[in-house]
Amino acid sequence: MLLALPPLIGALPASDAGTSAADLRRAALDSTGVAFAGYAQAAGGLALPVGEQLTGVADLLSDRTTMRTWYRGVGDWRVDVVSPTGETGVHADASGTWTWDYVANAATRTADTALALPSAPDLLPSALGRRLLSEAGDAELSRFGADRVAGRDALGLRVVPAEESASVGRVDVWVDAASGLPLRVQVFGAAGGEPAVDTSFLELDLTTPPAEVVDFAVPAAAGIREGQAPQLLLAATRGTRDSTLVLPAALAGLDRRTIEGAPARVGVYGRGVTLLTVGALPGRASDGLRTALAGAPGAVVDDLGVRIAAGPLGLMLADGPDGAVLLTGTVTLDALAAAATELTGEAP
Amino acid sequence: MIAVELRKLFRRPRTWVTIGMLNALPVLVAVLLAVTDLAPRPGEGPVFLSAVLTNGTLYPLAALAIVLPLFLPIAVSVVAGEAIAGEAQAGTLRYLLARPAGRTRLLVAKLVSVIAFVLVTVVVVAAVGYVVGQLLFDVQPIGGTTLSGTTITPEQIAWRTVLAIGYITVSMLGVAAFALFFSTLTDSPLAAALGALAVLIASSLLFTLDAASSFAPYLPTRYWLAFVDLFREPVLWRDIVRGIGLQAVYVVVLVSAAWANFTTKDITS
C-alpha cells in the first residue's frame, strides 16, 4: 500500500483550462514579477566533449542539478545548487551577482554582461521556460493537456521550431495555470526519445521570500574573486579582433541578429530556439578543441573540418582561410556544414 | 525486562570495545590532520573535514561523517543482529522465554536496548569528536560559516549538532530494524548482521545508478547524509523530513515482521 501511494498521488488528474497557446505564452513571459520560493531539479543528457576549462558547463548539461531558489523579482533572487557535501549560491542584485562557493570558501562578484557561460540559474524552469518561449511565433505554438507539477495545475505549451535547420524537435513547457510561471521544461532533439534537458520544480511556494534570505554578505574568512564574464568577453573580442572572417547577413537560411554588448566579430544567427553562433578561434584554443571533437563518438571529419552533435547542440570547427572558425548552436549537422561552406567557400 | 536487557548490554565489555573502536578512526584522522596540517581539499573526503583545521567546533560532525558510511552501520548491525540470534546460538533463548514475560516483551526489551546502543554510540562519537576538536584545532569564538555562506554562532552550531546527532540516530534505526528482523529468522548472529550489511551495501550501490532512480527515494541509505542540510541557511528540511519518514516506515514494517515471526516461531535452542 505504501509503495502504491506515490503513483496514485501522481495519477491525480490535473484540471485543464481553455487558455490558448498564445495567451499562455504571454502569461509565462509576464510572470517575471511573480515572487516565489522553490526546490527544483534539472537533468541534462548532453555529453559535451570539452576539456578542463569548461567542466562546469559540461557538468551542468550532463548531470542532475538540485536547486533551491528564492525569487523576489528581476535582479533580486537567489539560486543555490545543493550537493551532498557543499553548496554554490548565486545571489543577484541590481548590478550583477555574488556567487558563493562553500567548497572553495570564496565569493565571486560578476557584473552583468552580454556574454556569459551558462550557469545553474539559467536552468531553473521559470528562467529557461521564459527564455525558450520569448521568441516563439504563434504558428510554432500549440497546447497539449495539463499535468500536476510541484503539486500545482500546469498547462502544457509546446514549441515546434519552424526553421528547417532546427535541431530541437520540440520544447514542452508546463505553465502554472494560476500564476503563469513555467514549472517544467523539457527540450527534445529532432529524433525525439529522451529529453536533452529536463528541468522541473518539485516544490513551489508563491509567497514573497524575505529580503534577508536573498541578500548576501561576504563571510569574514572568505576570499573574494572577480567573475570570469568580463574576461570572457574581452578574450572573445581580442581573439576575434585580427580575424578577416567576413560574417554574411545570413547563414544556412538563418538571418544575422545583433546583440548589444557582444563582440562585433562574433556572429549570432537565427531566432527562438534555433540559434547559430560563429566566430574565429585563435590557434592555441582551436588545437585542443579539434582533438576533443575528433575523438568524440559520432564525429564527422571531412574537408570542411570536424563537427559533432551532442543531443540538439551542434559543434563544428571549420577550417577557414586564415585559421579555425567555431560554429555552434541548436542547428543540425547539415546546417553546420552548409554554414561552413558559405563561410569558407569550400564544398564538403 | 527492559532494565535487565539494558544492564546486560552496557555491562558487556564487548559493547564498550565496539564503541571505543568506532572512535579510534576519527581520533586518528584528527591527530593526522593536526600534525600534518593537511586537510583534504574542500569537496573531497568526509563532509566538514576540510573545515575543521580552521574551526574545531565542527569536528563532532566530521567525526560522525567519518563513521557514518560504514563503521557505524557495522557496529549497529552486529549488536542488533545478536539480539535474538545471539541468545539462540548461546542456547539461552528458551530459558529467557521460560519466564512469564512473553515473547513480545522480550522483543520490545531487545529493541529498546538496541535503540539505546545506537543513541549512546552516536553521542559518544560526537562527544569524543568535540573533545578532540577543542584540543587539537583552533576554535573560532564567533562561530563559523554555514554551507550557504552565512555566519553561524557557536550556540547555533551546538543546537544544529544536537539535531544532527538525533537525525543520525534515527537513520541508524533502519539498520537496526533490518538486523533485528534477520535476527529472528536465523540462529546465527553473524548471518543476521551480514544480512543487514548486505542490504545497506546494495542500497548504497543502487543509489549511485541512474537506472535505479525510480525507486531511489525508498532506499534505506538514501537520506543518510541529509544531516548536512541542517547547516544550510535557511535549513533545508525536505530531505531530513523524508529521511525520518522513510526510517519510520522501515522500522514499523520490519519490527512488525520480526514480531510476527518471533511470536509464532518454534524455539529449539
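**Exercise 1. State how much area chain A and chain B bury between them, and describe the contact.**

*Solution.* In this predicted model, chain A and chain B together bury about 1,900 Å², and carbon and sulfur atoms account for 55% of that area. Accessible area lost when parts come together is a figure often used for the size of an interface. The next step is to count residues: 22 residues from chain A and 22 residues from chain B take part in the contact.

**Exercise 2. Find the salt bridges and polar contacts between the two chains, then identify the strands of chain A that contribute to the contact.**

*Solution.* Begin with the charged pairs. The interface of chain A and chain B holds 3 salt bridges. One of them joins the side chains of B:Arg232 and A:Glu87, with a distance of 2.9 Å from N to O; this lies within the 4 Å cut-off for a salt bridge. Next, count the polar contacts: 9 residue pairs, both at pLDDT 80 or more, are in polar contact between the chains.

Then turn to the strands. On the side of chain A that touches chain B, at least two residues come from each of strand 2 (64-73), strand 3 (76-83), strand 4 (86-92) and strand 11 (192-205). Strand 3 of chain A gives the most, with 4 residues. Sorted by class, this side of chain A comprises 14 nonpolar, 3 polar and 5 charged residues.

**Exercise 3. Describe how strand 7 and strand 8 of chain A pair, and examine the loop between them.**

*Solution.* Strand 7 (residues 141-149) and strand 8 (residues 152-159) of chain A are antiparallel and pair over 7 bridges. Within this pairing, A:Arg148 has A:Asp153 in strand 8 as its bridge partner. The hairpin has 2 residues between the strands. A:Ala150 is located in this loop, and its phi is positive, about 50°, although it is not a glycine. Most residues other than glycine have a negative phi.

**Exercise 4. Give the order of elements in chain B and decide whether its radius of gyration agrees or disagrees with that of a compact globule.**

*Solution.* Chain B contains 9 helices and 2 strands. From the N terminus, the order is α-α-α-α-α-α-β-β-α-α-α. For 269 residues, a compact globule would have a radius of gyration near 18 Å; chain B has 20 Å, and therefore agrees. Along the principal axes, its C-alpha atoms fill a box of roughly 60 × 45 × 30 Å.

**Exercise 5. Locate the cis peptide bond at B:Pro234 and the positive phi of B:Asp37.**

*Solution.* The cis bond runs from B:Glu233 to B:Pro234, with omega near -5°. B:Pro234 belongs to the loop between helix 8 (189-207) and helix 9 (237-263) of chain B. B:Asp37 has a phi of about 65° and lies in the loop between helix 2 (13-36) and helix 3 (59-67) of chain B.

Note on methods
Residues are numbered from 1 along each chain as its sequence is written. Chains are lettered from A and ligands numbered from 1 in the order in which they are written. This is a predicted model: local features need pLDDT of at least 70, side-chain atom pairs count only at pLDDT 80 or more; totals for chains, interfaces and linings use all residues. Side-chain values use heavy atoms; hydrogens and water are left out. Contact means heavy atoms within 4.5 Å. Buried area is the accessible area (1.4 Å probe) that two parts lose on being put together, summed over both. A polar contact is a pair of N or O atoms within 3.5 Å; within protein, one must be able to donate a hydrogen and the other to accept it, and residues adjacent in sequence count only if both atoms are side-chain atoms. Ala, Val, Leu, Ile, Met, Phe, Trp, Tyr, Cys and Pro count as nonpolar, Asp, Glu, Lys and Arg as charged, and the others, Gly among them, as polar. Two strands pair if DSSP finds at least two bridges between them. The radius of gyration is taken over C-alpha atoms; the globule rule is 2.2 Å times the number of residues to the power 0.38.
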